[in-house]
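Let us walk through this model from its main core outward. Keep the sequence and the coordinates side by side.

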Amino acid sequence: MEEIAEEILGENDIDVGEMRRFLKQNSVKGTSPVLITVLGTSIPDAIKIWFINQKIHHFIDRPRQCTKCYSFAHASRICDKTNVCFLCSEEHVGPCQGPEKCINCKEPHNPKSNSCLVYIEEKMILELKCWNHITTSEAQRVFHLQNMKYSEAVKSSPASVELQDTVNLKFEALLQSLNEKFECLLQSVNKKFEKQTAIFAEMFHKTIE
């Protein structure tokens, strides 16, 4: 790793703060990708290393969840709460007998589900942190501020409701018009079919005679 760091520092105009390899799950063996933390607020698209331009991918961390209470607010090592079931979010001994319930959003899924709204919010905050090169606390503040502004805009804008009502009325009118045209077309087809059937029946009788 030191050799790689020296090569990056020597061939690129960036200051490397930290370098480390990702570890495989439940293992101490390193993987091929290398996480590089650079000093500053700008990241190059690629770096030159041993005469090769290596493309850089932004690292967006996944939301970290406490394995005791399944909250996203703190790490397991500092959790002072009682362990809860990872399925029903309740405290009990033995196999879980209750329905799944998330301790974070109270919806009927287990607390480790990626479809949890709280998990999705945490993921969006980390993406905001990565793309804007800000701290986690700053990203949380910006995210919640944006949500508050959006909620206030929706509440203070009845025009959106009126627009939706107008669209619904126009859509209903369009459906009614299409139904009327379809009925007229169907009646016309039925009349032509009855006429053709009568002609065919008359010709058939004449042929028999």
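**Two cores and the cysteines between**

Start with the largest nonpolar core. It has nine residues: Ile4, Ala5, Ile8, Ile14, Val16, Met19, Val38, Ile47 and Ile49. Three elements each give two or more residues to this core: helix α1 (2-11), strand β1 (16-23) and strand β3 (46-49). Helix α1 supplies the largest share, three residues. Look next at one member, Val38. Leaving aside residues up to four places away in sequence, Val38 touches Ile14, Asp15, Val16, Gly17 and Ile43. Ile14 and Val16 are core members too.

A second core is separate from this one. It holds five residues, including Phe72, Cys105, Cys116 and Tyr119.

Now step back to the whole chain. The model is a predicted one. The chain has four helices and four strands. Along the sequence they run α-β-β-β-β-α-α-α. The chain counts 209 residues, and 19% of them are buried. Take the contacts with a separation of 6 or more: 28% of these join residues 24 or more positions apart. The exposed surface comes to about 16800 Å². Carbon and sulfur atoms supply 56% of that surface.

Return to the second core and its rings. The structure has one aromatic pair. The partners are Phe72 and Tyr119. Their centres are 6.1 Å apart and their planes meet at 55°, so the pair counts as tilted. The angle falls short of the edge-to-face class, which needs over 60 degrees. Where do Phe72 and Tyr119 lie along the chain? Phe72 lies in the loop between β4 (52-55) and α2 (117-132), while Tyr119 is in helix α2. The pair therefore ties together parts that are 47 residues apart in sequence. Both rings are buried: Phe72 has a relative accessible area of 11%, and Tyr119 one of 15%.

Next, the cysteines. How many disulfides does a search of the whole structure find? The count is zero. Two cysteines show why. The closest cysteine sulfur to that of Cys96 is in Cys88, at 3.6 Å. A disulfide needs sulfur atoms within 2.5 Å, so this distance is too far for a bond. Cys102 gives a similar reading. Its sulfur is 3.7 Å from the closest cysteine sulfur, in Cys116, and that is again too far for a bond. Is each of these two residues buried or partly exposed? Cys96 is partly exposed, with a relative accessible area of 23%. Cys102 is buried, at 1%.

Cys102 and Cys116 lead on to a histidine. Both are touched by His109. His109 also touches Leu87, Glu100 and Lys101, again not counting residues up to four places away in sequence. His109 sits in the loop between β4 and α2, the loop that also holds Phe72. The relative accessibility of His109 is 13%. The limit for buried is under 20%, so His109 counts as buried.

One last contact involves a charge and a ring. Lys112 lies over the face of Phe86. The distance from the ring centre is 5.5 Å.

To retrace the route: the nine-residue core draws its largest share from α1. The second core includes Phe72 and Tyr119, which form the tilted pair. Cys116 belongs to that second core and is touched by His109.

How values were computed: Residues are numbered from 1 along each chain as its sequence is written. This is a predicted model: local features need pLDDT of at least 70, side-chain atom pairs count only at pLDDT 80 or more; totals for chains, interfaces and linings use all residues. Side-chain values use heavy atoms; hydrogens and water are left out. Buried means under 20% relative accessible area, exposed over 50%, partly exposed in between (1.4 Å probe, protein chains only). Contact means heavy atoms within 4.5 Å. Accessible areas come from the Shrake-Rupley method with a 1.4 Å probe; for residues, only the protein chains shown count as cover. A nonpolar core is a set of buried Ala, Val, Leu, Ile, Met, Phe, Trp, Tyr and Cys residues joined through side-chain atoms within 4.5 Å. Rings of Phe, Tyr and Trp (its six-membered ring) pair if their centres lie within 6.5 Å; planes under 30 degrees apart count as stacked, over 60 as edge-to-face and the rest as tilted. A charge sits over a ring if NZ of Lys or CZ of Arg is within 6 Å of the ring centre and within 35 degrees of the ring normal.
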